[in-house]
Amino acid sequence: MTLYSRKTKTKELDFRQNIDCPNCNRPGSLRAFKSFRQFSINFIPLFKYKKKWYLETTCCGRKYMLSEEVGKQVEAGIKKEFALSELR
């Protein structure tokens with residue numbers, strides 16, 4: 001008998017930046033996350049798909065989506081800081 005599953009997983013990346021939140025105007029910080037779907041057979045993960053990267057504020061929980069290119073830079077530790085004008 002073969003068991004398969006598809007699960008959504010979220011991984012917190014090694015990124016933190018202190019900001020004054022543009023959404024709620026309170027001090028907080030940005031945290032980076034990678035979200036993806038994972039396909040497994042017999043509890044063995046085979047591949048990941050539908051990858052998304054985003055920043056989330058600690059003060060109000062607002063999410064800012066990142067492009068795949070910028071998300072990979074954050075994940076690799078290349079991009080260390082965001083200007084408020086970059087948050088959309």
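**Figure 1. Cysteine 21 and its sulfur neighbours in the predicted model.** Cysteine 21 is a good place to start in this predicted model: the residue is buried, with 1% relative accessible area. Its closest cysteine sulfur belongs to cysteine 24, at 3.7 Å. A disulfide is a covalent bond between the sulfur atoms of two cysteines. Here a pair has to lie within 2.5 Å to count, so the sulfurs of cysteine 21 and cysteine 24 are too far apart for a bond. Cysteine 60 gives a similar picture: the closest cysteine sulfur is that of cysteine 21, at 3.7 Å, again too far for a bond. Cysteine 60 is partly exposed, at 32% relative accessibility. By this rule, the disulfide count is zero.

**Figure 2. The four-stranded sheet.** Four strands make up an open sheet in the order 1-2-3-4, and their pairing is antiparallel. Which strands form the edges? Strand 1 (4-20) and strand 4 (63-66) do, each pairing on one side only. On average, neighbouring strands of the sheet are turned by 30° against each other, with direction ignored. At one edge, strand 4 is joined to strand 3 (residues 44-57) by four bridges, and the two run antiparallel. If you would like a pair of residues to look for there, try tryptophan 53, whose bridge partner in strand 4 is leucine 66.

**Figure 3. The hairpin of strands 1 and 2.** Strand 1 and strand 2 (27-41) pair in the antiparallel sense over 14 bridges. Within this pairing, isoleucine 19 stands opposite glycine 28 of strand 2. The two strands form a hairpin, and six residues lie between them. Asparagine 25 sits in the loop that connects them, and this turn residue has a positive phi of about 60°. At 66% relative accessibility, asparagine 25 is exposed.

**Figure 4. A second positive phi, at lysine 50.** Most residues other than glycine have a negative phi. Lysine 50, which is not a glycine, has a positive phi of about 50°. Where does lysine 50 lie? This residue is part of strand 3. Is lysine 50 buried or exposed? Lysine 50 is exposed, with a relative accessible area of 62%.

**Figure 5. Phenylalanine 15 meets phenylalanine 82.** Five aromatic pairs are found in a search of the whole structure. One of the pairs joins phenylalanine 15 and phenylalanine 82, with ring centres 5.7 Å apart. Their planes stand at 80°, so the pair is edge-to-face. Phenylalanine 15 belongs to strand 1, while phenylalanine 82 lies in the segment after helix 1 (68-76), so the pair ties together parts that are 67 residues apart in sequence. Both rings belong to buried residues: phenylalanine 15 has 5% relative accessibility, and phenylalanine 82 has a relative accessible area of 6%.

**Figure 6. Further contacts of phenylalanine 82.** Stay with phenylalanine 82 for a moment and look at its ring and its backbone. Lysine 79 lies over the face of the phenylalanine 82 ring, 4.9 Å from the ring centre. At the backbone, the nitrogen of phenylalanine 82 is 2.7 Å from a polar atom of the glutamine 17 side chain. Glutamine 17 is a strand 1 residue and is buried, with a relative accessible area of 10%.

**Figure 7. An aromatic cluster and a lysine over a ring.** Which residues do ring pairs link into a cluster? The members are Tyr4, Phe39, Phe47 and Tyr49. Another ring, that of phenylalanine 36, has a charge over it: the charged end of lysine 48 sits 4.6 Å from the ring centre.

**Figure 8. Serine 85, beyond helix 1.** Serine 85 lies in the segment after helix 1. This serine is exposed, at 70% relative accessibility. How far apart are the C-alpha atoms of serine 85 and phenylalanine 33? They are separated by 20 Å, and the two residues are 52 apart along the chain.

Key
Residues numbered from 1 in each chain as written. Heavy atoms only, no water. Pairing = 2+ DSSP bridges. Axes fitted to C-alpha atoms, helices over the stretch in contact; angles between N-to-C directions. Buried < 20%, exposed > 50% of the residue type's maximum accessible area, 1.4 Å probe, protein only. Phe/Tyr/Trp six-rings, centres within 6.5 Å; stacked < 30°, edge-to-face > 60°. Lys NZ or Arg CZ within 6 Å of the ring centre and 35° of its normal. Polar contact = N/O pair within 3.5 Å; in protein donor to acceptor, adjacent residues only side chain to side chain.
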